[in-house]
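Here is a short set of exercises to work through with the model open beside you. Try each task before reading its solution.

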Amino acid sequence: MAADGNSKFKRIGLQFAFWGVLIILFGTLMVNFVNIGQPNQLSAYDDDWDDLSAFRQDINDMGIKTKSLVSSPLLLEELEDPRNVTFVIAGVERDTISLPQFSGDSVVTFASEDGYSPGEVDAIVEFVIKGGTVIVFEDYGYANTIAEKFGVKFKRAQLFDTVYVHELDYNYIWTCMQLSPCGMNGTVIDTETIESHSRWNSSDALSGRHICAVWADLMALNGTTISKDEAGLCAQHHQDGVIEYNASYQMLLNNITSIDIDESSKHSAMITQGIRAVSSSEATIDINGDGEIQLSTNTKTPDLWGQFNLSIEVCASVTCSPFEAGGRVHFIADGSTLINAIYDYEGFNAGKYGPVTKEIPANDNRKWALDVIAEALMGLDPVTGMPLGEPSPTAMVIFDESRHVQSNVATDTYNMLYFVLVYFTGEGLAKLLLFIGLFVLFEGVLLKKKDPDPWRHVFSIIYYGFGDANRYSYYAKTNKIKQVFLSKVRNQNGLTREEFDSMPARELQAMIADPVLVKFVFENRDFTLEQTVAIVKRVKVWGRV
Amino acid sequence: MWTRKASFTFAGGISLILIGMMISNHQMMILGLSFVAFIVANSWISGHGDVEVQRTLSADNLYKGDDLYVELLVTNRSSRRTQTLEVYDNVPHEMKLRSGLNQMKMNLGPGESARIRYVLRCPLRGHFSIGPVSLRYRNTFNLSVEEMFVDHHSDMIVFPQLRDVEEAFIRSRTPKMYTGATTLRTPGPGTEFYSLREYVPGDPFKNINWKAFARTGDLMINEKCRDAVTDLYIILDSRDIARIGTVLKNPLEMGTVAAASLANFFLQRRDSVSLIIYDEKLSYLPPDTGDKQHFKILSSLAGVAPKGAMPLQAVTNSLAARFSRGSPIFIISSCEGDGTVPAAIRDLVGRGHEVTVLSPSSIDFERLVSRIPRMSYEVLKIERQNRMTSLAGFGSQVIDWMPDMDLSQALLQVRGY
């Protein structure tokens, strides 16, 4: 009973140990992948001052579906109509999970670069080639894997410019969406320096103009006035019953970096690269991040000074026009361009997103963002190819939440598991592994999973034979037979052991009275098997009357 | 617990979902989801084992070889159906199902009952227990199966068989050693009426003659004739060596049959019988008469198992003081592997006991399970014969009991060697 108890305790202990080790291993694994950080920011689904809820709400109000992507951009491959989808990446706050995958030349590799795995970047490139629009807002994060694929590169160091908002601080930089930088007149933007968007203000009647300008012209030709609700995707330009498209954008950025053009890594499928916004020529970049600007070449890491790119557009078509096939990518050197505080500055200043210490000045971030959306998602007449003002029926904006640090374990674990799921159903090598895994699973079920045996009463009485087979040969030896025979003689004649031992041989011979047995008793020699058998027979019958 | 079918369905569902995701096939994913949903939905409609069981046995005590009638009543005490419920009554594997089945599949509604009837044959003596009742319930689609048991046991004792030995003693060529209870014409404990006397304090009330009290007004006591009884001692060898042979035919089994039959015979004659069993220790049941003693002896014999190697002389030496003077002693032993047997018997005979050695022939039992070379067998037999002869030489009655020989037939050969 005690042994049973010990065995039971050992078994329970072993199980505890097993599950303990398993949980520790799983926990260790999760700690490597689950990254709990600051409260969620730059999320389209939170409504703090540093989230993107106002932008998403505007999109929804225009009748466009919005979705979040919490797993992996691999899912972009599954979209049926990428032409009418815009993928928004606002801040890449964390690295990808390094999982094995096939590279282009069918070699198994691990994603070692920042931000996105090669498979995910390829999915984004394919998405753009098929006509999708991507907007990448990034400053010091991990977006370079995407950027480099499109021939640009984020500097990932803070840029300081003289064109900043004096009422706030030097982190708030003014920039204009135009090829030349806008300047300052005292503490405010010099309106004389504000020009127009380099692509959306072309003289080209169709492909060189913003789609809202084209649609406004169509409306003007028809001579119809429209309400703001009817203005659809161009409502941000609605004025007095008509669309008054204005291509100048005075953008407010916060904590920005710069974007370099990297021709060496330009993707072959991308045709056009256009700079859309630049800093002033007196901007500096704190390369080493020490908070000081040291331009001397004597320093170990000299900081940079000059004019830097703040926005670059890369297109899969020559004109970047929405009337041509192929999509585009907008790179903005600030991850917080569309945060509620700047995007919805009126709401922010009114205290909609919390207490206000300093007011955010008016800016055109919202107008620019909505113009990008209008260009990307406005429906075209299938016959004439002209814009319809309304979003395409399949229009959708997808916010990438997969690289945002989550504020709790459950959300981050969910995202991570979803990422793994998408990885195993989207990546070539993972698919292969998954097939093997499913095969092993089925084999395991086949081999290991047994139904309980049917009950059946078995009548079984233990057949315990007992005997000592070793002694049988001993009982066939001559000396043993002789001893048994002499015992028989002694018993038959009622003699004690002592009497028998002291008896003369002649008397014993007379007592035996059988010459063969006498010879057997008194002659010490070997007997053949036949002779022994004959002697045993004689011993057996000896003494019977 | 999921069945194999459920595991396959679930694994198939998951596989279909994943493969559907891989190849962007929504139909396949929906089919996979349906499989998984089917499993989940089924887990909500499982059966249960909330039943009450009641077992009835035809007898609590029976003799080896007898049939036992068992009835198991299963009642669903829940307000739900049991779904497919399998009931299995755990029967000791030493018992043989003679008719019926000790299991049944049922689907009982709330409050419904079902009966399982079966008959067992008990070929082995011993203390046995039927139970617990195992339950296995499945859901409608056989996707999950759970097992539990109801801890309901029925204990019983299977006594050794009783053989009729009276004929052996009637036809014996030797004078009757034991005459049984005889009445003496003196008052004392007994059964026959002797006389009436006046009540004295301390007399048991059950002996008061109430009719005489009614007639005379004085308390009168019935006095009985004293019965003279013989104290008979049966010594059973239960050492490990007594299990030579098969499970049904070995010196111990035959010894228990002999001890039970002899005890039954002498107790019926109102003799006083004692049972001594020695194996690794000594078990002594003091001499007594009556049905209670009979039950005690049979219970003891039912639980005997071969073990140990206590010498006979240790038994006789420790109990010598308890043996009534001149009382007959039956020693049931193969006399194998114990060099103290001759000395023990010599001592007992020397103290005036009538000693009878009933010795199952162990070499012949061994022959049932082991191929003994003919010559070795003959020599072994001669050696055993020598041993029996020497025991007889000490004045005991020796019976060489062969495996295929009936007990009464064996007892008939009581003779001097």
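In which helix is Glu375(A) found? Keep in mind that you are working on a predicted model.

**Solution.** Glu375(A) sits in helix H8 of chain A, which covers residues 365–377.

**Exercise 1. Describe the surroundings of Glu375(A) and the charged network that includes Glu375(A).**

*Step 1.* Start with accessibility. The relative accessible area of Glu375(A) is 1%, so this residue counts as buried, the cut-off being under 20%.

*Step 2.* List the contacts, leaving aside neighbours within four places in sequence. Among the residues that Glu375(A) touches are Trp200(A), His210(A), Ile211(A), Pro322(A) and His330(A). The contacts also include Arg199(A), Glu313(A), Cys320(A) and Arg328(A).

*Step 3.* Look at one pair from that list. Glu313(A) and Arg199(A) form a salt bridge, with 2.7 Å between the closest N and O atoms. Glu313(A) belongs to strand E18 (residues 309–315) and Arg199(A) to the loop between strand E10 (188–189) and H5, so this salt bridge ties together parts of chain A that are 114 residues apart in sequence. Both Glu313(A) and Arg199(A) are buried.

*Step 4.* Now compare a pair in chain B. Asp67(B) and Arg121(B) meet through their side chains in a salt bridge of 2.8 Å, N to O. Asp67(B) is in strand E3 (residues 67–76) and Arg121(B) in strand E7 (residues 113–121) of chain B, 54 residues apart. Asp67(B) has a relative accessible area of 23% and is therefore partly exposed. Arg121(B), with 31%, is partly exposed too.

*Step 5.* Put the network together. Through shared salt-bridge partners, Arg199(A), Arg276(A), Glu313(A), Arg328(A) and Glu375(A) are joined into one network.

**Exercise 2. Work out which parts of chain A are tied together by the salt bridge of Lys149(A) and Asp122(A).**

*Step 1.* Begin with the total: over all chains, the structure holds 36 salt bridges.

*Step 2.* Check the distance. The closest N and O atoms of Lys149(A) and Asp122(A) are 3.7 Å apart, which falls within the 4 Å cut-off for a salt bridge.

*Step 3.* Place the partners. Lys149(A) lies in helix H4 (residues 144–149) and Asp122(A) in helix H3 (residues 118–129), so the pair ties together parts of chain A that are 27 residues apart in sequence.

*Step 4.* Add accessibility. Lys149(A) is partly exposed because its relative accessible area is 30%. Asp122(A), at 38%, is also partly exposed.

**Exercise 3. Find the disulfides and give the handedness of each.**

*Step 1.* Count them: there are three disulfides over all chains.

*Step 2.* Take Cys176(A) and Cys182(A). Their sulfur atoms are 2.2 Å apart, and an angle of 95° about the S-S bond makes the link right-handed. Both Cys176(A) and Cys182(A) are buried.

*Step 3.* Move on to Cys212(A) and Cys234(A). Here the sulfur atoms are 2.0 Å apart, and the angle of -90° gives a left-handed link. Cys212(A) is in helix H5 (residues 211–222) and Cys234(A) in the loop between H5 and strand E11 (238–239), so the disulfide ties together parts of chain A that are 22 residues apart in sequence. Cys212(A) has a relative accessible area of 0% and is buried; Cys234(A) is buried as well, also at 0%.

*Step 4.* Finish with Cys315(A) and Cys320(A), whose S to S distance is 1.6 Å. The torsion about this S-S bond is about 105°, so the disulfide is right-handed. Both Cys315(A) and Cys320(A) are buried.

*Step 5.* Read off the connectivity: counting bonded cysteines along chain A, the pattern is 1-2, 3-4, 5-6.

**Exercise 4. Characterise the interface of chain A and chain B.**

*Step 1.* Size the contact. Chain A gives 48 residues and chain B 60 residues. The two chains bury about 5000 Å² between them, with 66% of this area on carbon and sulfur atoms.

*Step 2.* Tally the polar side. Three salt bridges cross the interface, one of them between Arg471(A) and Glu366(B) at 2.2 Å, N to O. The interface also has 18 residue pairs in polar contact, both residues at pLDDT 80 or more.

*Step 3.* Identify the elements. On the side of chain A that touches chain B, those giving two or more residues are H9(A), H10(A), H11(A), H12(A) and H16(A). The largest share, eight residues, comes from H10(A).

*Step 4.* Sort by class: this side of chain A has 28 nonpolar, nine polar and 11 charged residues.

Notes. Residues numbered from 1 in each chain as written. Chains lettered and ligands numbered in written order. Predicted model: local features only at pLDDT ≥ 70, side-chain atom pairs only at ≥ 80, totals over all residues. Heavy atoms only, no water. Disulfide = S-S within 2.5 Å. Buried < 20%, exposed > 50% of the residue type's maximum accessible area, 1.4 Å probe, protein only. Helix = DSSP H or I, 4+ residues; strand = E, 2+ residues; numbered from the N terminus. Contact = heavy atoms within 4.5 Å. Buried area = accessible area lost by both parts, 1.4 Å probe. Polar contact = N/O pair within 3.5 Å; in protein donor to acceptor, adjacent residues only side chain to side chain. Nonpolar A, V, L, I, M, F, W, Y, C, P; charged D, E, K, R; others polar.
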